[in-house]
Each structure stands twice: as structure tokens, then as C-alpha cells.
Amino acid sequence: MKILITGMAGFIGHAVARRWAGQGHEIVGIDNLNDYYDVSLKRARLDDLADCDGVRFIELDLADREGMAALFAKHRFDRVIHLAAQAGVRYSLENPHVYADSNLVGHLNVLEGCRQAGVEHLVYASSSSVYGMNEKVPFATGDGVDHPISLYAATKKANELMAHTYAHLYRVPMTGLRFFTVYGPWGRPDMAMFKFTRAILAGEPIQVYNHGNMERDFTYIDDIVEGVVRVLDVIPQGDPQRPSSDSAPDSSSAPYALYNIGHGSPVPLMAFVRAVEAAIGREAICDFQPMQPGDVPRTWADTEALYQATGYRPEVSVEEGVRKFVAWYREFYGV
Ligand SMILES: NC(=O)c1ccc[n+]([C@@H]2O[C@H](COP(=O)([O-])OP(=O)(O)OC[C@H]3O[C@@H](n4cnc5c(N)ncnc54)[C@H](O)[C@@H]3O)[C@@H](O)[C@H]2O)c1
């Protein structure tokens, strides 16, 4: 197959490309290499893919309408994994427009490309942040998600709505994946795992939000990759018999599906801190901070729909995942 991976220099895009490398597929990856975080880490991920058979990189911005149209016209991809986006809840408070450019205009350009090229299946990244103010746990794709509390979350919810429209109008099969706090080797420097490890190793304080009273459904990168790979082969057909009275958000007469990919077990933030301390062998200095605007106190994925569709449930424990991240971090940065 010929597969497009958007955001290939990113944390998840690199891991997905690595998993497929050398398996006979032709992978084209794009990324605009923006400086939201350390660009040298993005370049190092691409270097890590440089000797992989069948993997090619093109520097391109999703928001470049002509460039994206030309990419799709030239390559005629069979399937598309769309992971490029402006991520981060806190950054969206200060830089709202970049979310509109990358996540709304960029997403539209991907949808248009898939439509024009007749792509077999588009799998795109959504986020657990769409659950916003929801209090019912675990979070399920059948729950309504109409109360996002950050612009980032609102763009991800918009991505799902836009995808549904294209699935309905043009019958392009589309699957959205709501990822839950992904961590692991080659991870993102703006996320807790990375920041805690860096600070503890440097003997600096770590900032612990909401005084530690938070829970996150931390999901190890290999579990995310396994989920993405399996879902790519589960092409939604749509249910033409679906009664018009059925208003469940996760079913449709269009070829459209949505899944959570999370570990399925929320971990208290302080237990996560203890796991990082244990893996490093040093205690953290905690600087307790209030809740940050845009953040939610708890995330917890209902993974039943993913299991029913793919036979897979994420399985790596936080202790094991944190150990693997810390080992990678120490080797990569030589600390
Ligand atoms: N990591 C998580 O915990 C998490 C959780 C929920 C959802 N997600 C979503 O998963 C996807 C991948 O996340 P990640 O953690 O790998 O993030 P990341 O920032 O490491 O990767 C995203 C990549 O997309 C690229 N990019 C951003 N805007 C672009 C544009 N306009 N054109 C081209 N490239 C662009 C970036 O340079 C980056 O390399 C994103 O859509 C993100 O919103 C991630």
C-alpha cells in the first residue's frame, strides 16, 4: 500500500512510520517542522527513519492548499494517517490562530485530498480533550461532547464533524482516534513525562498542577501504534439501515467511526510522579500549582469499542512505560 503519514516528524507519527518501515509499504511522510518544541528532536526522529526502506519525507505545511492538492494528485495514496496538528491545551490560550491554520484549514486540506484522490481510508487523530466538561466516566465515544474547555479541544471536535460530513457526502471512509495522554520514548518535551524527567535529573522542581489532584489515563506509545495499525484495516462501512431516530454520536449511516485509544485506567498524578522517581532513583521537588485554565481534572478511556473492532486493548503498565521512557531519555541526552 501507499500510505501518507502527516506529522511524521512528531512523536506519534515517527513511531507509526517506524512500525511500518521495511514491511513492503510505501510511506510518504510530511511535516512542517515548526518550532512549537525543540526542532532538533523532530529532526532526530526523521534521522532515525532515514535508513528505513520505503519511507520518504517531504517538508510541507498542511495549510498550504496548493501544495497539499499537488501532493495528493501526485501520489494517489491508498490510505492516509493524519497526525499532524498543533497540539497542546495551554499553548492554545496564547496562540489561537495557529490552531485554526493547522487543525481546521489543514484538516480540510487533508479531507479534500482524500476526496479528490479516492482514498480507501483516512484515520485521523482526535483527542481525549474533546470530553471537556463531561463528568461521567469512563469517557465513551457514545457520550455527547459538546462542552470543550480549550480551543485545542474545540478544533479536535470540529475535525470529527468535518470528517463525518466528508464521509457522508463523498463516501470516503473516515475513522477518528481519540488519544489519551500518550507517553514513551521519543516523546514530546511539552508533556509531563518529559518535563518531570528533565527536571528531576537536573535537581530542579517539577510543577504539579491542581496540587496533584488530577488523574490521567496515560497510554504508552506502543499501544497507540498497535491501535492505529489495527484500525487502519477496519474500514468503516456505514450502516444504511440505521434508523433516523438513532442519534448516538458514534454511529452513522456514513462510513464513519470513532474510537478511544487509552490504557483504560486513570492514574493519580502523584502516583505517576512516584513512578518517575522510582525509574530515575531520585526524589522530585514538587512545586504545587493551581489548576491550569483549559485543563480537565480527570481522563479515563472506555476502550470497549476499540476492543470490539480490533480485538486489542492497550496493555503496557505505567511502571513499565515510565521505565522505558527514562531509559530512552538518559541514553538520548547522555544524562
Ligand atoms: N501525544 C498525546 O498525548 C496526544 C493526545 C491526544 C491527541 N494527540 C494528537 O495526536 C497527533 C500527534 O500528536 P503528537 O503527540 O505526535 O504531537 P507532535 O507535536 O509531536 O506531532 C505533530 C507533528 O505535526 C507537525 N505539524 C504541526 N502543524 C503542522 C502543519 N500545519 N503542517 C505540517 N505539519 C504540522 C509538527 O511539526 C509535529 O511534528 C496530534 O494530532 C495531536 O493533537 C496527541
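This section describes the sheet, the surroundings of the ligand and two backbone details in a predicted model.

According to the UniProt annotation, from an unreviewed entry, residues 3–237 are covered by "domain: NAD-dependent epimerase/dehydratase". This span is 43% helix and 18% strand, and the C-alpha atoms at its two ends lie 20 Å apart.

The strands considered here form an open sheet of 7 strands with parallel pairing. Their order across the sheet is β3-β2-β1-β4-β5-β6-β11. The edges are formed by β3 (55–59) and β11 (256–261), each of which pairs on one side only. From one strand to the next, the twist averages 20 degrees.

Two of the pairings can be followed residue by residue. Strand β1 (residues 2–6) pairs with strand β2 (residues 26–31) in the parallel sense, over 5 bridges. Within this pairing, Lys 2 has Glu 26 of β2 as its bridge partner. Helix α1 packs on the sheet and touches β1, β2, β3 and β4 (79–82). The direction of α1 makes about 165 degrees with that of β2. On to β3, strand β2 again pairs in the parallel sense, over 5 bridges, and Asp 31 has Glu 59 of β3 as its bridge partner. Together with helix α2 (residues 39–49), strands β2 and β3 make a β-α-β unit, which is right-handed.

Helix α1 also takes part in the surroundings of the ligand, where 28 residues are found. Gly 7, Gly 10, Ala 85, Ser 102 and Ala 125 come nearest to the ligand. At least two residues of the shell are supplied by each of α1 (11–20), α5 (96–117) and β5 (121–127). The greatest contribution is that of α1, with 3 residues. Sorted by class, the shell has 13 nonpolar, 11 polar and 4 charged residues.

Two details of the backbone remain. Most residues other than glycine have a negative phi, and most peptide bonds are trans. Leu 33, a residue other than glycine, has a positive phi, near 50 degrees. Leu 33 is placed in the loop between β2 and α2, and thus within the β-α-β unit that β2, α2 and β3 make. The peptide bond from Val 137 to Pro 138 is cis, and its omega is near -10 degrees. Pro 138 is placed in the loop between β5 and α6 (151–170). Strand β5 is also one of the elements that supply at least two residues to the shell around the ligand.

Definitions and conventions
Residues are numbered from 1 along each chain as its sequence is written. This is a predicted model: local features need pLDDT of at least 70, side-chain atom pairs count only at pLDDT 80 or more; totals for chains, interfaces and linings use all residues. A residue is near a molecule or strand if its C-beta atom, placed from the backbone, lies within 6 Å of it. Helices (H or I, at least four residues) and strands (E, at least two) are DSSP runs, numbered from the N terminus. Ala, Val, Leu, Ile, Met, Phe, Trp, Tyr, Cys and Pro count as nonpolar, Asp, Glu, Lys and Arg as charged, and the others, Gly among them, as polar. UniProt positions are given in the numbering used here, feature names are shortened, and annotations may be inferred rather than shown by experiment. Two strands pair if DSSP finds at least two bridges between them. Axes are lines fitted to C-alpha atoms, for helices over the stretch in contact, and angles run from 0 to 180 degrees between N-to-C directions. Two residues are in contact if their C-beta atoms, placed from the backbone, lie within 7 Å. A crossover is right-handed if, with the strands pointing away from the viewer, the path from the first strand over the helix to the second runs clockwise.
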